[in-house]
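Reader: Hey, I've got a protein open on my screen and no clue where to begin. Could you walk me through it?

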Amino acid sequence: MTRSTGLSLLPPPTLLADSPALTFASQPYRHPSGAFGVRYPDGWQIDEAEDAALFTAPDDSAQFSIAFTLLDSAAVGSFPAFAESKLRADWSDLPSFTISQIESPAPSDHWRASFTFDQTSPPDGALTTVTALAIFQMQDGVLFIGIFLAQTDLQNRIATLYQAIADSLVLDSQAAILSNSE
């Protein structure tokens with residue numbers, strides 16, 4: 001399945017295996033644009049795009065992505081509504097897509113949502129429910145989006161890891177602006 005979004009977020013994998021043994025790589029990842037850096041689990045595959053990076057567990061049991069784009073002034077002015085609209089536009093075509101929780105904490109430059117969707121798993125075509133967390137953060141007119149995915153039955157085992165990854169995220173809006181102007 002290939003997802004086409006304005007932010008070049010890459011597709012969610014088929015999530016099959018049990019949670020992998022997880023330790024962080026010795027060096028944090030830094031996107032070539034300099035727009036963000038993040039710690040990631042050792043051995044995870046990294047796929048880069050001009051404005052995003054996708055990190056996938058070796059057994060495809062989990063993944064997360066970080067993307068960035070410049071926002072126009074209308075999106076900045078109505079950020080929570082824009083963020084929800086963007087999430088729905090990018091993901092609502094998936095089977096059984098449901099937003100289970102939306103959080104727009106103060107300051108209003110952050111927005112989070114939990115959502116689920118169903119995905120068919122090869123080779124037997126079994127239906128798997130995937131739980132996701134989307135984190136939208138706006139800085140200086142740049143939108144950073146983190147999407148964290150795991151099979152619903154893995155979410156409790158991987159939640160602490162995903163929290164540590166989210167806490168390690170370093171954003172550089174000026175580098176993102178420069179990379180978009182080149």
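**A first look around**

Author: Sure! The protein has 4 helices and 10 strands. Keep in mind that this is a predicted model.

Reader: In what order do the elements run from the N terminus on?

Author: They go β-β-β-β-β-α-α-β-β-β-β-α-β-α.

Reader: And how many of the residues count as buried?

Author: Out of 182 residues, 45% are buried. The accessible surface is about 8,600 Å², and carbon and sulfur atoms make up 50% of that.

Reader: OK, the inside then. Which residues have the most contacts inside the largest nonpolar core?

Author: Phe36, Trp44, Phe55, Phe64 and Tyr162, in a core of 26 residues. Two or more residues each come from E2, strand E4 (52-56), E5, E9 and helix H3 (155-168). There's also a second, separate core with 22 residues, among them Ala83, Leu87, Phe97 and Ile99.

Reader: Back to Phe64 for a sec. What does phenylalanine 64 touch?

Author: Leaving out residues up to four places away in sequence, its contacts include Val38, Trp44, Phe55, Ile147 and Tyr162.

Reader: New topic: sheets. Which strands form the open sheet with the order E1-E2-E10?

Author: Just the 3 in that name, paired antiparallel. Strand E1 (29-30) and strand E10 (170-171) are the edges; each has a single partner strand, so one side of each has no neighbour in the sheet.

Reader: How many bridges join E2 to E10?

Author: There are 2, with E2 covering residues 36-38. In that pairing, glycine 37 sits opposite valine 170 of E10.

Reader: Cool. Now helix H4, residues 173-181: which of its residues are buried?

Author: Ser173, Ala175, Ala176 and Ser179. They span an arc of only 160° around the axis, which puts them on the same side of H4.

Reader: Why would residues three or four places apart point the same way?

Author: An α-helix has 3.6 residues a turn, so residues with that spacing face the same way.

Reader: And what's exposed on the other side of H4?

Author: Leu178 and Ser181.

Reader: What do the buried residues of H4 pack against?

Author: Four strands are listed: strand E5 (62-70), strand E8 (126-139), strand E9 (142-151) and E10.

Reader: Last one! What does a side-chain oxygen of aspartate 172 reach at the start of H4?

Author: The backbone nitrogen of glutamine 174, to within 3.2 Å.

Conventions. Residues are numbered from 1 along each chain as its sequence is written. This is a predicted model: local features need pLDDT of at least 70, side-chain atom pairs count only at pLDDT 80 or more; totals for chains, interfaces and linings use all residues. Side-chain values use heavy atoms; hydrogens and water are left out. Two strands pair if DSSP finds at least two bridges between them. Buried means under 20% relative accessible area, exposed over 50%, partly exposed in between (1.4 Å probe, protein chains only). The arc is that of the directions from the helix axis to the C-beta atoms. Contact means heavy atoms within 4.5 Å. A polar contact is a pair of N or O atoms within 3.5 Å; within protein, one must be able to donate a hydrogen and the other to accept it, and residues adjacent in sequence count only if both atoms are side-chain atoms. Accessible areas come from the Shrake-Rupley method with a 1.4 Å probe; for residues, only the protein chains shown count as cover. A nonpolar core is a set of buried Ala, Val, Leu, Ile, Met, Phe, Trp, Tyr and Cys residues joined through side-chain atoms within 4.5 Å.
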